[in-house]
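Visitor: I'm new to this one, so please be patient with me. Could you show me the whole thing, and then take me slowly through one part of it?

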Amino acid sequence: MITTINNWRQFCIDEFNVLPDYQEKQIGSKMLTYVTDAMKQQDINRMFLITGGAQAARFYQHNGFEVSTEGTMMELVLNDLFLSLDK
């Protein structure tokens, strides 16, 4: 998703996955480089994402991402499907 806020064009990575059998083979880094280069060509100023888990955070930090101080991830659970399935 590309958005423009205060003259900054931003790209949000919604999903980015490499199958477990193909991890640790630089495939994810090469895919991320491809996406980054494509965004630069479209004058995107910033890429951002929300990720969970230490392994994913290490991957993104290894590829140049930094922990943002510009917000806080929050959620509101309206209907927890897993809890309702247990009943």
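Read along the sequence, what pattern of helices and strands does the protein follow? After that, I'd like a close look at the loop between β2 and α1: which residues does it touch, and which of its residues are exposed or partly exposed?

Guide: Happy to. Keep in mind that this is a predicted model. The pattern along the sequence is β-β-α-β-α-α, which comes to three helices and three strands. The protein has 87 residues, and 17% of them are buried. Its accessible surface is about 7800 Å², with 54% of that belonging to carbon and sulfur atoms.

Now for your loop. Strand β2 covers residues 8–12 and helix α1 covers 27–41, and the loop runs between them. Let's start with Asp 14, which sits in this loop. Asp 14 counts as exposed because its relative accessibility is 65%, and the cut-off for exposed is over 50%. Look across from there to Thr 51: the two are 37 residues apart in sequence, yet their C-alpha atoms are 9.2 Å apart in space.

Further along the loop is Tyr 22. With 47% relative accessibility, Tyr 22 counts as partly exposed. Tyr 22 also helps make a nonpolar surface patch of about 380 Å², together with Leu 19, Ile 27 and Met 31. Since helix α1 starts at residue 27, you can follow that patch from Tyr 22 to Ile 27 and Met 31.

Gln 23 comes next in the same loop. Its relative accessible area is 31%, so Gln 23 is partly exposed. Leaving out residues up to four places away in sequence, Gln 23 touches Val 18 and Gln 55. Gln 55 brings in another element, because helix α2 spans residues 54–62.

Then there's Glu 24, again in the loop. This one is exposed, with a relative accessible area of 75%. Glu 24 has a positive phi of about 65°, although it isn't a glycine. To see why that stands out, remember that most residues other than glycine have a negative phi. Asp 43 does something similar elsewhere: its phi is positive, at about 60°, and it isn't a glycine. You'll find Asp 43 in the loop between α1 and β3, and with a relative accessible area of 55% it is exposed.

Let's step off your loop into the helix that follows. Ser 29 lies in α1. Why is Ser 29 called buried rather than exposed? Its relative accessible area is 12%, and buried means under 20%. Apart from neighbours within four places in sequence, Ser 29 is in contact with Phe 59 and Asn 63. With Asn 63 there is also a polar contact of 3.1 Å between the two side chains.

From here, have a look at the nonpolar core. The largest one has 10 residues, among them Phe 11, Ile 13, Phe 16 and Leu 32. Leu 49, Tyr 60 and Phe 65 belong to that core too. Leu 49 makes a handy place to stand: not counting residues up to four places away in sequence, it touches Ile 13, Tyr 60 and Phe 65.

One more link is worth a stop. The structure holds one salt bridge, and it joins Arg 46 to Glu 70, with the closest N and O atoms 3.1 Å apart. Arg 46 is in strand β3 and Glu 70 is in the loop between α2 and α3, so the pair ties together parts that are 24 residues apart in sequence. The two ends differ in cover: Arg 46 is partly exposed at 30% relative accessibility, whereas Glu 70 is exposed at 63%.

Contacts across the sequence show up in the overall count as well. Among contacts with a separation of 6 or more, 58% are between residues 24 or more positions apart.

So, back to your loop. Asp 14 is exposed, Tyr 22 is partly exposed and joins a nonpolar patch, Gln 23 reaches Val 18 and Gln 55, and Glu 24 is exposed with a positive phi.

Note on methods: Residues are numbered from 1 along each chain as its sequence is written. This is a predicted model: local features need pLDDT of at least 70, side-chain atom pairs count only at pLDDT 80 or more; totals for chains, interfaces and linings use all residues. Side-chain values use heavy atoms; hydrogens and water are left out. Patches are made of residues with over 30% relative accessible area and no salt bridge: like charges are joined within 9 Å, nonpolar side chains (Val, Leu, Ile, Met, Phe, Trp, Tyr) within 5 Å. Accessible areas come from the Shrake-Rupley method with a 1.4 Å probe; for residues, only the protein chains shown count as cover. A salt bridge is a side-chain nitrogen of Lys or Arg within 4 Å of a carboxyl oxygen of Asp or Glu. Helices (H or I, at least four residues) and strands (E, at least two) are DSSP runs, numbered from the N terminus. Buried means under 20% relative accessible area, exposed over 50%, partly exposed in between (1.4 Å probe, protein chains only). A polar contact is a pair of N or O atoms within 3.5 Å; within protein, one must be able to donate a hydrogen and the other to accept it, and residues adjacent in sequence count only if both atoms are side-chain atoms. Contact means heavy atoms within 4.5 Å. A nonpolar core is a set of buried Ala, Val, Leu, Ile, Met, Phe, Trp, Tyr and Cys residues joined through side-chain atoms within 4.5 Å.
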